[in-house]
Amino acid sequence: MMAPQDSFSRLPTNVTPYHYALKLKPDLENFTFAGEVAIHVNVNNETDKVQLNGLKLNIHKVSFVGDDGTTIGLIGKPNIDSDDGVIEFSFEKKILNGKGVINIAYDGILGYTMTGFYRSKYKTLTGDERHMAVTHFAPAFARLALPCWDEPAIKASFDVTLVVPKSHVALSNMPPKEERVEGAVSTHRHCKVIDIYYLYLVSPDKVIIELNT
């Protein structure tokens, strides 16, 4: 079991991130989202346990891939402390000093909380009610959208792919690098090293954009 943490405690620094490759797919009919994140980390001290932040997320799959290509899985399920918003992964064997990638597949709820990754309601000019997906990460709500080190002192770069219906657009405080249109619109963006709470994503209906341009 993890030791209890107060609201001002910090995550251990035996493993720290330097880059996130994040993919989010909001479902604006069922008000859920699917997420995949590859967290590139520095392993500063060898360990078989990694703690990071995560809250109200369903974790489906976790693995660690080392510099040499070796994949290490978990022992049992993640230990989730819903009070502190901390997740602990216990790996099958120690991950050694150096670099590696923690791959996580998960999902969550698009609630009306106005924190993390949530849904916002609006009406069109004809009175139709619609929704868009929005993020609000400051001061420590990124953990509601992705497993992460949700601390301003721990900075990283980001590659973010947002997959939305064709009726919506994917916007961010980062310029798009690539956009693909297949069954849905997939927009890829890159962001230099920042505090995680500066990351911002929104997926409004195209009608809103057209009315304001």
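User: Which word describes Met-114, buried or exposed?
Analyst: In this predicted model, local features need pLDDT of at least 70 and side-chain atom pairs count only at pLDDT 80 or more, while totals for chains, interfaces and linings use all residues. Residues are numbered from 1 along each chain as its sequence is written, and side-chain values use heavy atoms, with hydrogens and water left out. Buried means under 20% relative accessible area, exposed over 50%, and partly exposed in between (1.4 Å probe, protein chains only). With a relative accessible area of 57%, Met-114 is exposed.

User: What is the phi of Met-114?
Analyst: Most residues other than glycine have a negative phi. Met-114 lies in the loop between S8 and S9, where strands are DSSP runs (E, at least two residues) and helices are runs of H or I (at least four), numbered from the N terminus. Although Met-114 is not a glycine, its phi is positive, at about 65 degrees.

User: Which residue in the loop between S1 and S2 has a positive phi without being a glycine?
Analyst: The phi in question is near 60 degrees. The loop between S1 and S2 is the place of Phe-31, and the residue with this positive phi is Phe-31.

User: Which two residues does a cis peptide bond join?
Analyst: Most peptide bonds are trans. Here omega is about -5 degrees at the cis bond, and Pro-139 of that pair lies in the loop between S10 and S11. The bond joins Ala-138 and Pro-139.

User: How many strands does the protein have?
Analyst: Its secondary structure includes 1 helix. The remaining elements counted are strands, and they number 15.

User: What share of the contacts with a separation of 6 or more falls to residues 24 or more positions apart?
Analyst: A contact means heavy atoms within 4.5 Å. Among contacts in the protein with a separation of 6 or more, the share from residues 24 or more positions apart is 69%.

User: In which sense do S9 and S10 pair?
Analyst: Two strands pair if DSSP finds at least two bridges between them, and S9 (residues 116–123) and S10 (residues 129–136) have 8 bridges. They form a hairpin with 5 residues between them, and Gly-127 in the turn has a positive phi of about 90 degrees. Ser-120 stands opposite Met-132 in S10. The pairing sense of S9 and S10 is antiparallel.

User: Which residues touch the most other members of the largest nonpolar core?
Analyst: A nonpolar core is a set of buried Ala, Val, Leu, Ile, Met, Phe, Trp, Tyr and Cys residues joined through side-chain atoms within 4.5 Å. The largest one holds 50 residues, and the strands that each supply at least two of them include S1 (15–27), S2 (32–43), S8 (98–109) and S11 (156–164). Those that touch the most other members are Tyr-20, Ile-102, Ile-104, Tyr-106, Leu-146 and Trp-149.

User: How many residues of S11 are buried?
Analyst: Ala-156, Phe-158, Val-160, Leu-162 and Val-164 point one way from S11, and Ser-157, Asp-159, Thr-161 and Val-163 the other way, all of them buried. The strand is thus mostly covered, and the count of buried residues is 9 of 9.

User: Which residue is the bridge partner of His-19 in S11?
Analyst: S1 and S11 pair in the parallel sense, over 6 bridges. Opposite His-19, the bridge partner in S11 is Ser-157.

User: Why is one side of S3 and one side of S6 left without a neighbour in the sheet?
Analyst: The open sheet has 3 strands in the order S3-S7-S6, paired antiparallel. S3 and S6 (79–81) each lack a neighbour on one side because they stand at the edges, each with a single partner strand.

User: What is the relative accessible area of Val-86?
Analyst: Val-86 is found in strand S7, where it is the bridge partner of Asp-81. Arg-143 is 57 residues away from Val-86 in sequence and 8.7 Å away in space, C-alpha to C-alpha. Val-86 is buried, with a relative accessible area of 2%.

User: With which side chain does the side chain of Gln-51 make a polar contact?
Analyst: Gln-51 is found in strand S3 and is buried, with a relative accessible area of 14%. A polar contact is a pair of N or O atoms within 3.5 Å; within protein, one must be able to donate a hydrogen and the other to accept it, and residues adjacent in sequence count only if both atoms are side-chain atoms. At 2.9 Å, the partner of Gln-51 is the side chain of Glu-88.
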